[in-house]
Amino acid sequence: MREIPDSNQIDQLVRRHRLADCFTRLPQQLRLFSYQRGELLNYRQGPDAYILFLVQGSLSIYAQRDDGSRYPIQRLEPPGVLGDMEFAGYRSPNFIIEVHRPALCLAVPLASQRDQLEKDARFLRFLLGSLAQKMAVMAQNEADCQTVEQKLLTYLESLPAGQIMPGVEHTCFQLHCSRRQLQRALKTLLEGQILEKTGRGRYRLRRPAP
């Protein structure tokens, strides 16, 4: 991890990703952190100390079992948020956050900004939406008895309306299935006219006929 002390780049990223829309008043002292592939996020610069907005790259979130093995939870890509669960009071020592692709995160320091954030209704609504989506993903992950088709539909229904499935590799990680299993499920749902293909590796739920 390294900090990029470039206020112009921070301002550009804030505008590009419309970060101000998440707050009534944009927090001060925003910082920019860079992470390399395979790096584990350091919790001194992680969700316990900051709200992190992922603006580039991707992160893999795992749960660690007692025997040291890992269980995939979520693949986080822009626009993704870390620190929302910790801000709400939930802390798990068993979560591991690993950089899947080199990442940039805009960071809101909680030590100086928490009081403002706790009074910001727009930010709290944004936080609630982020938590709801993560809970939907976790609930879907627990439904091991579901078929891959059912898991895929549950996952797509948890996305914002009209959002396209974010790539085959990403979705395999989310659903804990192989590429072959996912492709069979996609074929079945396409043939059943439940999904529509929008590009290579890109699918979405078919809109109902008017």
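This report describes the fold, the largest pocket and several individual residues of a predicted protein model.

## Overall architecture

The protein chain contains 7 helices and 8 strands. Of its 210 residues, 45% count as buried. Contacts between distant parts of the sequence are a prominent topic here: among the contacts in the protein chain with a separation of 6 or more, 69% are made by residues 24 or more positions apart. The chain has an accessible surface of about 11,600 Å², and carbon and sulfur atoms contribute 49% of that surface.

## The largest pocket

Rolling a probe the size of a water molecule over the atoms shows where empty space is left. In this model, the largest pocket holds about 670 Å³ of space. It is lined by 28 residues, and those closest to its centre are Glu77, Pro78, Pro79, Gly80 and Gln133.

Several elements contribute to this lining. At least two residues each come from β3 (50-64), β4 (70-76), β5 (80-82), α4 (121-142) and α6 (168-175). Helix α4 provides the largest share, with 5 residues. By residue class, the lining consists of 14 nonpolar, 9 polar and 5 charged residues.

Two of the residues closest to the pocket centre, Pro78 and Pro79, are joined by a cis peptide bond, with omega at about -5°. Pro79 is located in the loop between β4 and β5.

Helix α4 also carries Ser130. This serine has a relative accessible area of 13% and is therefore buried, since buried means under 20%. Apart from neighbours within four places in sequence, Ser130 is in contact with Val81 and Asp84.

Another residue closest to the pocket centre, Gln133, is touched by Ser158, which also touches Ala136, when residues up to four places away in sequence are not counted. Ser158 belongs to helix α5 (residues 148-158). Its C-alpha atom is separated by 9.0 Å from that of Ala132, although the two residues are 26 residues apart along the chain.

## Helix α1 and its two sides

Which residues of helix α1 are buried? In this helix, which spans residues 7-16, they are Ile10, Leu13 and Val14. These residues lie on the same side of α1 because they cover an arc of only 100° around the axis. A general property of helices is relevant here: an α-helix has 3.6 residues a turn, so residues three or four places apart point the same way. On the other side of α1, the exposed residues are Asn8, Arg15 and Arg16. The cover over the buried residues of α1 includes β2 (31-35), β3 and β6 (95-109).

Ile10 gives a more detailed view of this arrangement. It lies in helix α1 and counts as buried, at 10% relative accessibility. With neighbours within four places in sequence left aside, Ile10 is in contact with Ile4, Leu30, Arg31, Leu32 and Leu106. Ile10 and Cys105 are 95 residues apart in sequence, and their C-alpha atoms are 9.9 Å apart in space.

## A buried residue in strand β6

Strand β6, part of the cover of α1, includes Ile97. The relative accessible area of Ile97 is 6%, so this residue is buried. Ile97 and Ile61 are 36 residues apart along the chain, while their C-alpha atoms are separated by 4.6 Å.

The following table brings together the pairs described above, with their separations along the chain and in space.

| Residue pair | Separation in sequence | C-alpha to C-alpha distance |
|---|---|---|
| Ile97 and Ile61 | 36 residues | 4.6 Å |
| Ser158 and Ala132 | 26 residues | 9.0 Å |
| Ile10 and Cys105 | 95 residues | 9.9 Å |

## Two glutamines with positive phi

Gln29 has a positive phi of about 60° although it is not a glycine. It is found in the loop between α1 and β2. Is Gln29 buried or exposed? At 52% relative accessibility, Gln29 counts as exposed, because the term exposed applies over 50%.

Gln193, which is not a glycine either, likewise has a positive phi of about 60°. Gln193 occupies a place in the loop between α7 (179-191) and β7 (195-199). With a relative accessible area of 57%, Gln193 is exposed.

Note on methods
Residues numbered from 1 in each chain as written. Predicted model: local features only at pLDDT ≥ 70, side-chain atom pairs only at ≥ 80, totals over all residues. Heavy atoms only, no water. Helix = DSSP H or I, 4+ residues; strand = E, 2+ residues; numbered from the N terminus. Buried < 20%, exposed > 50% of the residue type's maximum accessible area, 1.4 Å probe, protein only. Contact = heavy atoms within 4.5 Å. Areas by Shrake-Rupley, 256 points an atom, 1.4 Å probe, with all protein chains shown as cover. 1 Å grid on protein atoms, 1.4 Å probe; cavity = no way out; pocket = protein on both sides within 12 Å on 5 of 7 lines; lining within 4 Å. Points joined across faces, edges and corners; volume = space filled by probe spheres on them. Nonpolar A, V, L, I, M, F, W, Y, C, P; charged D, E, K, R; others polar. Arc of directions from axis to C-beta.
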